[in-house]
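Visitor: I have a protein model open and do not know how to read it. Can you take me through it, feature by feature?

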Amino acid sequence: MGIVFKQSFKNTVITYLGFAVGAVNVLFLYTNFLSEDNYGLVAVILSIASILMPVLAFGVPNTIVKFYSGYSSQKVANGFLTLMLLLPLVVIIPGALCIYFFYEEIGSFLSKENPIVESYIWYIFLIGMSMAYFEILYGWARVNMKTVFGNFMKEVFSRVGATALLLLLHFNAIDLSQFFKGMVIVYMLRVIIMKIYAYWVKKPKLVFEFPDNTKQILTYSALIILGGSTAIILLEVDKVMLNQFVEIKNVAYYSVAGFIAAVIAVPARSMHQITYPLTAKILNNQDSKALKSIYQKTSLNLFIIAGLIFLLIILNLHDLYKLLPKPYSNGFLIVFWIGLAKVYDAVLGNNNAILYNSNYYKIILMLGVFLAVITILFNLWLIPIYGIKGAAIASFSAFFIYNTLKLLYVKLKFGIFPFTKATVKVMALLFVCSVFFYVELDAHPLVNIAIKSLMVTLLYLIAIHKFQISPDINAVIKSAGTKIKRN
């Protein structure tokens, strides 16, 4: 776990930096510098673009990770990379033509409840295309075990760009129309910078002699679109469907609550940047012992971290909402349900990496499509009844079903399970620490959050260290303690 933990730690720091910038944007700048309708519009644009991204990428980011390590010849590898760069155009060009010829029909569908969305169809497509090629180039860096810079560009760059645009808008240096154009420019600039870096890591040569297993590659890429789309649909479809049923300002309220819960997923996102290519390599080498080890270690470490973050959020949510404009402060249940789904996702460790890089990916992708349909049906059922709370319950229900089936499938096919006795210990510790929910402090919300978070974190980490629950976490705690003593 050396290289995993080292790069995961750096990626976690960077990702949290990105989330810190994002927190300033979401909790303070968007909510104060944009109207509720315009903030909802931003959320809808980015959510639809995110759903488009795996389709426009044609599954290439995952395909690079799965197949690249299997090529011993550099010439064949270059032919493979050339194919990967060209493949998305099979979808992007027809997609652009569809928007050009059927703009009014597409705009009418997306703006059924909120007419404001109709003017931004091209913005959505250009951002989605930029996201797609960014992930492709980031995948190229990842297979060369260079994840940190790409993670910075993914998590920090676009958020800093949003901060700059919001400040420029607030001080009247740009108008609202220029703000939305600036969003597109930020995402296009990000992919250009990532291209320069990816080519610096390992400059490819365009070779139009494709690998012998091209048919297998194309089949995998086409099917992985379903997998990628399923994952994104589970994450983003709630906001898109809210746009179809309720006023767009409700998307803004939901986005704030969703962002708070999304903080829980940061460690998993960071660790997956390096565990995906490592898992692919382990599977290619058919090393079952290493596979079980990395599965259980990633599960335990992510559960420890994600569980603590979920606990801190729930314990401090009442005080946090006191810092926000009042219309945004009625989201406790949304944060709870989405947060619980994120914790369950984290406790599965590198489960996704095992499935998508194994020979069983076809079945799980089909299962994913079925669950995406269920997600949409849950939203169709629950949003009209419960509004934004219904969207949160629908998301949790879909994630629970999807993750449980993936857990059982890995157990069935590989005979391994991510949970150990240490998992039970962490769960018990989280229940014990939850008593702090009933501790109320009478001070400024920021002071309350700081005091309660410090008390809970210290108690939690001391218990983790004392009971020797995770060797990796203990090593970090011991290293931090040594550095503190030296200083």
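Guide: We will go from the overall fold to single residues. Keep in mind that this is a predicted model.

Visitor: What does the secondary structure of the protein come to?

Guide: It comes to 20 helices and zero strands.

Visitor: How do I judge the overall form, and what radius of gyration does the protein have?

Guide: Compare the radius with the one a compact globule would have. For 487 residues that is near 23 Å, and the protein has 22 Å, so the two agree. Along its principal axes, the C-alpha trace spans about 65 × 55 × 45 Å.

Visitor: Among contacts between residues at least 6 apart in sequence, what share joins residues at least 24 apart?

Guide: That share is 84%.

Visitor: How much of the protein is made up of buried residues?

Guide: Buried means under 20% relative accessible area. Buried residues make up 56% of the 487. The accessible surface comes to about 21,900 Å², and 68% of that belongs to carbon and sulfur atoms.

Visitor: Let me try one residue. Is threonine 279 buried or exposed?

Guide: Threonine 279 has 0% relative accessibility, so it counts as buried. Find it in helix α12, which covers residues 266–285.

Visitor: Which residues is threonine 279 in contact with, leaving aside neighbours within four places in sequence?

Guide: Threonine 279 is in contact with Leu291, Ile294, Asn350, Ala353 and Ile354.

Visitor: Now the outside. Which residues form a nonpolar patch on the surface?

Guide: Among them are Leu86, Trp122, Leu206, Phe208 and Phe210. Together, the patch residues have about 1,200 Å² of accessible area. Helix α5, residues 89–101, gives the most to this patch, with five residues.

Visitor: Tyrosine 100 is in helix α5. Is tyrosine 100 buried or exposed?

Guide: Tyrosine 100 counts as exposed because its relative accessibility is 61%. The cut-off for exposed is over 50%.

Visitor: Next, cross-links. How many disulfides does the count come to?

Guide: A disulfide is a covalent bond between the sulfur atoms of two cysteines. Here the count comes to zero. Look at two cysteines anyway. Cysteine 98 is partly exposed, with a relative accessible area of 39%. Cysteine 433 is buried, at 0%.

Visitor: And charges? How many salt bridges does the structure hold?

Guide: Side chains of opposite charge can pair when their charged atoms come close. The structure holds three salt bridges. One of them joins lysine 154 and glutamate 135, with their closest N and O atoms 3.2 Å apart. Lysine 154 lies in helix α8 (residues 148–170) and glutamate 135 in helix α7 (residues 121–143), so the pair ties together parts that are 19 residues apart in sequence.

Visitor: How are those two residues placed, buried or partly exposed?

Guide: Lysine 154 is partly exposed, with a relative accessible area of 23%. Glutamate 135 is buried, at 12%.

Visitor: Which residue forms a salt bridge with glutamate 155?

Guide: Arginine 159 does, and the closest N and O atoms are 3.0 Å apart. Both residues lie in helix α8, four residues apart, or about one turn of the helix. Glutamate 155 is buried, with a relative accessible area of 1%. Arginine 159 is buried too, at 17%.

Visitor: Which residue does aspartate 319 form a salt bridge with?

Guide: Aspartate 319 forms one with lysine 322. Their closest N and O atoms are 3.8 Å apart. Aspartate 319 is buried, with a relative accessible area of 8%.

How values were computed: Residues are numbered from 1 along each chain as its sequence is written. This is a predicted model: local features need pLDDT of at least 70, side-chain atom pairs count only at pLDDT 80 or more; totals for chains, interfaces and linings use all residues. Side-chain values use heavy atoms; hydrogens and water are left out. Helices (H or I, at least four residues) and strands (E, at least two) are DSSP runs, numbered from the N terminus. Buried means under 20% relative accessible area, exposed over 50%, partly exposed in between (1.4 Å probe, protein chains only). Contact means heavy atoms within 4.5 Å. Patches are made of residues with over 30% relative accessible area and no salt bridge: like charges are joined within 9 Å, nonpolar side chains (Val, Leu, Ile, Met, Phe, Trp, Tyr) within 5 Å. Accessible areas come from the Shrake-Rupley method with a 1.4 Å probe; for residues, only the protein chains shown count as cover. A salt bridge is a side-chain nitrogen of Lys or Arg within 4 Å of a carboxyl oxygen of Asp or Glu. The radius of gyration is taken over C-alpha atoms; the globule rule is 2.2 Å times the number of residues to the power 0.38. A disulfide is a pair of cysteine sulfur atoms within 2.5 Å.
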